[in-house]
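Trainee: I should like to work through this model step by step, from single residues to the whole chain. Where should we begin?

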Amino acid sequence: MAYDDLRSFLKALERRGQLKRVRAEVDPHLEVGEITDRVQKAPRGDHHANAALLFENVRGARTPDGEPIPLAMNVFGTEERLCLALGLKDLDEIGERIGGLLKPELPQGVSGLRDALGKAAQLKSVPPKHVKKAPVQEVVLTGDDVDLERLPALHTWPDDGGAFFNLGLTHTKHPETGGRNLGLYRLQRQDRRTISMHWQIHKDSTNHYAVAQRRGERLPVAVAFGCPPAVTYAATAPLPSDIDEYLFAGFIQGKRVELVDCKTVPLQVPAQAEVVLEGWLEPGVTLPEGPFGDHTGFYTPVEPFPALTVTAVTMRERPLFQSIVVGRPPTEDGPLGKATERFFLPLLKVIIPDLVDYSLPEAGGFHNCAIVSIDKRYPKHAQKVMHAIWGAHLMSLTKLIIVVDADCDVHDYAEVAWRAFGNVDYGRDLTVVEGVVDHLDHASYQQFYGGKAGIDATRKLPEEGYHRGWPEMITSDPMTAAKVDRRWKEYGF
């Protein structure tokens, strides 16, 4: 089972020797970021390579009664830890469960009926559950007691424009439909009661704020920190706007997520969170936000973003805080992005049934490059798949698509490179288009849109104009290979 809250997961990591406590006082200005980034990038074999970190004495981070607020970092820094947090044997497990739900065949016999009822039970048991009391509201601060300077915001990179909260789960709702959105956005602390919301142009919360502005209304916002692991992951998932992230979190963890009403805004937040900020966005009120050293590995520029006035801070009596360091990979983003890749393969196959598998390399920030394999059946099949990907929800942000044959392991980048470098005539097999790109993309000459490319690295067909006869790949003789397998130790290896 997935863990109910952050603190129980950290205890489990400590029992497994995967949590490093840092008891010395550390400065949230650059020092925490430098320590975390070194641990994330430490070579394999280093005793503390990629360990989860708990900073117990962060300068300035204190509860109202003066107790330290520990800061958890790099919690999901490995695929193994993320699977443990979500109660999974591996990252493909959720994809397999999603794939099973997407197959509505009529049940055959008793066993088939049992399977069908099992699918229905999975969905019935996962909607969020409302509770009246919650650990996250053991302490409620309003008015002059609100002081964001007491929370450990991080100034991670030298040229950052200030201190940021980097793992706050932001709650909004559509002013007209009431539909809820849970997203993960960076939040710059502007003063003791104000944070700016870095809402990128393609995000649902941006639309919620735009609708509120059009109606001349302020928008309620709640930001939760240190949430149950399944909830934190769900906030990062690129779900369609009509799918509730809390339903998805319940599906992942196999049980309902408990939500509690906020104290000063009409929203609900996870009852088992550690800290929550509540507040309002006034129409048209923005503040300069940035620069910020982002997951692209470059600083994003200063731009105006909505400014949230915090009306309440609620927390546990002895809260933890959670944040993340982003920058040049590898970082904690890696396992979270890989989880999204594996979880959403079955859904992507519904839209693009031609897909066999795909990989989104961390080095490409996950959205810059997609490697896809297909069972090629007809001329220009690869190009059809490229355009389908560019039309598939947030896959539309992909800048480079490499299409390979089904016998290529898309996760073996050396194999992919061999195919792409050797199987391509760039006069015929390169497709160049223009379309939307990520808000943070610094390479496009115009913000929000730019050039994209698709590389057809599949075997070429005569119907595509290739008449030389595609050569066979070199492979070992199966009988000789089996013989060598049997005699391998005999050779002295």
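Mentor: We begin with a definition: a residue is called buried if its relative accessible area is under 20%, exposed if it is over 50%, and partly exposed in between. Please bear in mind that this is a predicted model.

Trainee: Is Asn74 buried or exposed?

Mentor: Asn74 lies in the loop between strand 3 and helix 3 (79-86). Its phi is near 55 degrees, a positive value in a residue other than glycine. The relative accessible area of Asn74 is 0%, and the cut-off is under 20%, so Asn74 is buried.

Trainee: Lys380 also has a positive phi, near 60 degrees. Which exposure class does Lys380 belong to?

Mentor: Lys380 is placed in the loop between strand 18 (369-374) and helix 11 (381-389). Its relative accessible area is 39%. That value falls between the limits of 20% and 50%, so Lys380 is partly exposed.

Trainee: Which strands stand at the edges of the open sheet that contains strand 3?

Mentor: This open sheet has four strands in the order 1-2-3-16, with mixed pairing. Each edge strand has a single partner strand, so one side of it is left without a neighbour in the sheet. The edge strands are strand 1 (19-22) and strand 16 (321-322).

Trainee: Which residue of strand 16 stands opposite Ala72?

Mentor: Strand 3 covers residues 71-73 and runs parallel to strand 16, with two bridges joining them. Within this pairing, the residue opposite Ala72 is Gln322.

Trainee: What is the omega of the peptide bond that joins Gly290 and Pro291?

Mentor: Pro291 is found in the loop between strand 12 (275-289) and strand 13 (292-293). The bond from Gly290 to Pro291 is cis, and its omega is about -5 degrees.

Trainee: Where is Pro330, whose peptide bond from Pro329 is cis with omega near 5 degrees?

Mentor: The elements on either side give the answer: strand 16 and helix 9 (333-343). Pro330, which follows the cis bond from Pro329, is placed in the loop between strand 16 and helix 9.

Trainee: How many residues of strand 21 are buried?

Mentor: Strand 21 (residues 449-456) pairs with strand 19 (residues 400-405) in parallel over four bridges, and Leu400 stands opposite Ala453. Strand 20 (residues 430-436) pairs with strand 21 in the antiparallel sense over seven bridges, and the bridge partner of Leu430 is Ile455. Strand 21 is mostly covered, and of its eight residues the number buried is six.

Trainee: Turning to the whole chain, why does its radius of gyration agree with that of a compact globule?

Mentor: The protein chain has 13 helices and 21 strands, and its C-alpha trace spans about 80 × 60 × 60 Å along the principal axes. For 493 residues, a compact globule would have a radius of gyration near 23 Å. The two agree because the value for the protein chain is 25 Å.

Trainee: What share of the contacts with a separation of 6 or more comes from residues 24 or more positions apart?

Mentor: Buried residues make up 52% of the 493 residues in the protein chain. Among contacts with a separation of 6 or more, the share from residues 24 or more positions apart is 71%.

Trainee: How far apart are the mean positions of the positive and negative charges?

Mentor: The accessible surface of the protein chain comes to about 22900 Å², of which 54% belongs to carbon and sulfur atoms. The protein chain carries 57 positive and 67 negative charges, and the distance between their mean positions is 4 Å.

Notes: Residues numbered from 1 in each chain as written. Predicted model: local features only at pLDDT ≥ 70, side-chain atom pairs only at ≥ 80, totals over all residues. Heavy atoms only, no water. Rg over C-alpha atoms; globule rule 2.2 N^0.38 Å. Buried < 20%, exposed > 50% of the residue type's maximum accessible area, 1.4 Å probe, protein only. Contact = heavy atoms within 4.5 Å. Areas by Shrake-Rupley, 256 points an atom, 1.4 Å probe, with all protein chains shown as cover. Lys, Arg positive; Asp, Glu negative; His and termini not counted. Charge placed at Lys NZ, Arg CZ, Asp CG, Glu CD. Pairing = 2+ DSSP bridges.
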